[in-house]
Number of protein chains: 2
Amino acid sequence: MTGENEKTGPDSDDGHRSATDVLLARRMGIYTQNEAIVFMSRDCPICVSEGFGAQSRVRVSNGKNSLIATLYQTAPGLLKNGEVGLSEAAWDRLQMEEEETVRVSHPRPLDSLSNLRGKVYGQRLKTHAVKAIIDDVVAGRYSDIHLSSFITACSARPLDHAEMVALTDAMITAGSRLHWDRNPVVDKHCVGGLPGNRTTPIIVAIAVACGLTMPKTSSRAITSPAGTADTMETLAPVDLDIATMRKVVEQEGGCIAWGGAVKLSPADDSLIRVERALNLDSEGQLVASVLSKKIAAGSTHVLLDLPVGPTAKVRSQDSARALSANLMAVAETFGVQTRTIITDGRQPVGRGIGPALEAHDVINVLRGDMDAPNDLRERSIALAGSLLELGGAVPAGTGVKLATQTLEEGRAWQKFQQICEAQGGMREPPKALYSRPVTANRTGKISTIDNRRLAQVAKLAGAPDAKAAGVEIHIRIGSKVSAGEPLYSIHAEAPGELDYSLDYVAANEDIIDITET
Amino acid sequence: MTGENEKTGPDSDDGHRSATDVLLARRMGIYTQNEAIVFMSRDCPICVSEGFGAQSRVRVSNGKNSLIATLYQTAPGLLKNGEVGLSEAAWDRLQMEEEETVRVSHPRPLDSLSNLRGKVYGQRLKTHAVKAIIDDVVAGRYSDIHLSSFITACSARPLDHAEMVALTDAMITAGSRLHWDRNPVVDKHCVGGLPGNRTTPIIVAIAVACGLTMPKTSSRAITSPAGTADTMETLAPVDLDIATMRKVVEQEGGCIAWGGAVKLSPADDSLIRVERALNLDSEGQLVASVLSKKIAAGSTHVLLDLPVGPTAKVRSQDSARALSANLMAVAETFGVQTRTIITDGRQPVGRGIGPALEAHDVINVLRGDMDAPNDLRERSIALAGSLLELGGAVPAGTGVKLATQTLEEGRAWQKFQQICEAQGGMREPPKALYSRPVTANRTGKISTIDNRRLAQVAKLAGAPDAKAAGVEIHIRIGSKVSAGEPLYSIHAEAPGELDYSLDYVAANEDIIDITET
């Protein structure tokens, strides 16, 4: 290896050096989400001497931080001699300052790709192999191509118990870990797939009002129109750092924060973005994603809600039992007590699908409004009751009673408001500017509702990025409707998205099936 | 769907319209290889009304052509109001002219993703499902994430016979197809994995000199340091359009062209780029890739070389027989006669690994130079002999004799030069500016050579993009060497790449194994 002598720094043993690879960094003002991109002139001497071309993966370092980026090349004139352009994501991750220089060099070969290839071809992933992959993911060394291959391989070659444990462990140790000087620390999670099933804020409010400690970290949507963090964000800030989260929990007994902001299981966010593009969410990654976040968050007792239905994420009682067994077995390895509850997943819960629409349902239930969706209320009480028992707040068999009282007497609503205030202030969820009803094309009784395609309608309307977008359902399975009566309304923040969603509905008339009576 | 009335055009039934989605296209001078990228201001009204964000997939159309691109957003000032920036790849594919406008809209939902997901979860790919995927790939609707998932799924869930036939057929019909008014039209292909095994130019020269018609189309490297097209390109132009190729074949009886330039099986190039990044090359995709190009090229008789060795692409005689059976069975479905030959793949063939280095070997054999690599010569004669028999140019059992005479009498060399001239003129392969020997660390006998890692050395040195880069081998299995004696030399066009390659060698001392005697 050629190279000048250089002060040993945080990145001293990584990458290659030469005396001429220093470039003045220029902030390009190009937003790419979290993709690190650098721009170098086609005739830049470093491109020539290092053999870099468009789409090369390059290492960029400013001494303090380093990352792997994709290189695009530019025609003469766009950049000055000796300049390298950085996308906003690259600029932020390197914590660049104006007039700072960077080095651009070849990255180390991505050794963990051989582990990934082994998995593709059917080898079991050993602990060190998973750790190598996840460390590379967290360090930003995997491009979208590599991330997609890893996610696909884990779906096509399902992970076994040891692999799930290894993946969970790798995802925990790649990020921060919270420790609480309290025990128990309770948590709950719904294994997705059911639109509108937004029980978490209600359960946290009940459990914490009853004295349990519940520092809840939630994720954003993976393939759904809203995650709990997306919904909660319309009611209060959720991107709490660890210090703030700790303060909220010490003061109020619980919180409802976005897990990504506290860097718990940071690999998950990279994986989730690609899972979303593929609409894939494998069982092994699901187990690791759920448990790594709970364990990293310091939870000791975890309740898991598994909705089952023909168009839910879990399709059958058998699959639910298998998933439950995997979750329990992996959790046990880490010394965490879990309870799983298999629930009805045949249709959406509540009325709203989409961040703000679901937030309105949550508020209605907590306030005890007359028109609060009863299904969401009942589910929340059942799960909260079970959690109160799991956490030892009440003797077995009395959880539901206490949960009901806590909700009815307004103590849960009060606690929820206190948590929102402690997180930075409660706010009113937005309402969409555009909405359009979708009507019944015949008279009859609602026989089935396709959760997946209804979620797709909400996503095409802009959810979860457009907070107020989504679907508001006016019927349930068994409802009688007349032709022309509204089945649901689509809400959107932009007319283009409303059209996009309506086009999909026009091509999918059987999302809600009506049997003639 | 809202939208103005509009003249029906080539893209009239695709995408969404509104009166305000017309933007002035600006050529950004940003090179991204073949990735289509568009740049829009964050505060552009279309982004707001359509709900576009960074990394959105958008449809771009100029009336003549349309494509799907990835959107990056820009800070104020980079683009003027009403402007959209296009990467060079997007600009070229749309065949844009200066001052032209484009429409940017939501793409249709990518329906074929459900076929892809089905495959991931173990369903067999039906004919229409494969066709839908490949059509979307060719139309540029698949992002790298989707391409990577498809490639990984086909590796993790190997394709069965019907799937291979369907994939081959979809890849043929997605591109151009050549028809020749001659029969037989012969072809040969080596199922890669063996560095330096550059027999094709020699075989074409022999076969054509003996009167067979051989319009050879070759691919560029997938995971190797050189494909035949890469090597041949250092000797003559290979990016012939169909008219030129036809002219060359009519005049000379054969050609050695790059398949991509004649748009045979165009999906293959998109897939290959991602396979290269993953270093994955599944059997089903290999069969479809090989046969789709041969069939689209109008071949009637195809000879297949399958090198077998512990570090070749095919590892064992059993795998070779299985692959051979798949290739023969799929070819038969399309009415193509094939013969497969299983060859020795324990070590590289010839001396050079890398486009220009291999070209020098080819020329040496064709010219009958005293120091021509004998292994390359012998293999070429054996394969050419077999092809002469398969194509009916000689009775069974006499092919090798005719092939040897054709080479020794200089008729193959003469034909090769004529083909090069007809393709645009023969040229001298380049030589690298930088080279460095790698020496034996002990005295003994060469016992094994790791093809894969030696190929990696050549790739790190810059091959195939750097034409003169690669590895020149000085020994063979069984050679006796003394400590300090050169085993091979690394050639590079840039010092950074030479260093990069040498670092890899330093960490991989056992690429060539020496047994002490």
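Reader: Which residue in strand 2 of chain B is the bridge partner of Gln73(A)?

Author: This is a predicted model, where local features need pLDDT of at least 70, side-chain atom pairs count only at pLDDT 80 or more, and totals for chains, interfaces and linings use all residues. Residues are numbered from 1 along each chain as its sequence is written, and chains are lettered from A and ligands numbered from 1 in the order in which they are written. Strand 5 of chain A and strand 2 (residues 30–31) of chain B run antiparallel over two bridges; strands are DSSP runs of E, at least two residues, and helices are runs of H or I, at least four, numbered from the N terminus. Pairing requires at least two DSSP bridges between the strands, and in strand 2 of chain B the partner of Gln73(A) is Tyr31(B).

Reader: Which helix of chain A gives the most to the side that touches chain B?

Author: Contact means C-beta atoms, placed from the backbone, within 7 Å. Chain A puts in 55 residues and chain B 55 residues. Elements supplying at least two residues on the chain A side include helix 1 (45–50), helix 3 (112–120) and helix 18 (495–507). The top contributor, with eight residues, is helix 5 of chain A.

Reader: How do the residues of that side of chain A divide by type?

Author: Ala, Val, Leu, Ile, Met, Phe, Trp, Tyr, Cys and Pro count as nonpolar, Asp, Glu, Lys and Arg as charged, and the others, Gly among them, as polar. On the side of chain A that touches chain B, the split is 24 nonpolar, 21 polar and 10 charged.

Reader: What element of chain B helps cover the buried residues of helix 10 of chain A?

Author: Buried means 20 or more other C-beta atoms, placed from the backbone, within 10 Å of a residue's own. In helix 10 of chain A, Leu271(A), Ile272(A) and Val274(A) are among the buried residues. Their cover includes helix 4 (127–138) and helix 11 (283–296) of chain A. From chain B comes helix 5 (144–156).

Reader: What is the phi of the residue that follows helix 10 of chain A?

Author: Helix 10 of chain A has 12 residues and reaches 17 Å from first C-alpha to last, close to the expected 16 Å. The expected span is 1.5 Å times one less than the number of residues. Next comes Asn279(A), with a positive phi, near 55 degrees.

Reader: How far apart are the C-alpha centres of domain 2 and domain 3 of chain A?

Author: Domain bounds come from an automatic or database assignment. Domain 2 covers 112–173 of chain A, and domain 3 covers 186–261 + 279–422. Their C-alpha centres lie apart by 28 Å.

Notes: Contact = placed C-beta atoms within 7 Å. Buried ≥ 20, exposed ≤ 12 C-beta atoms within 10 Å, placed from the backbone.
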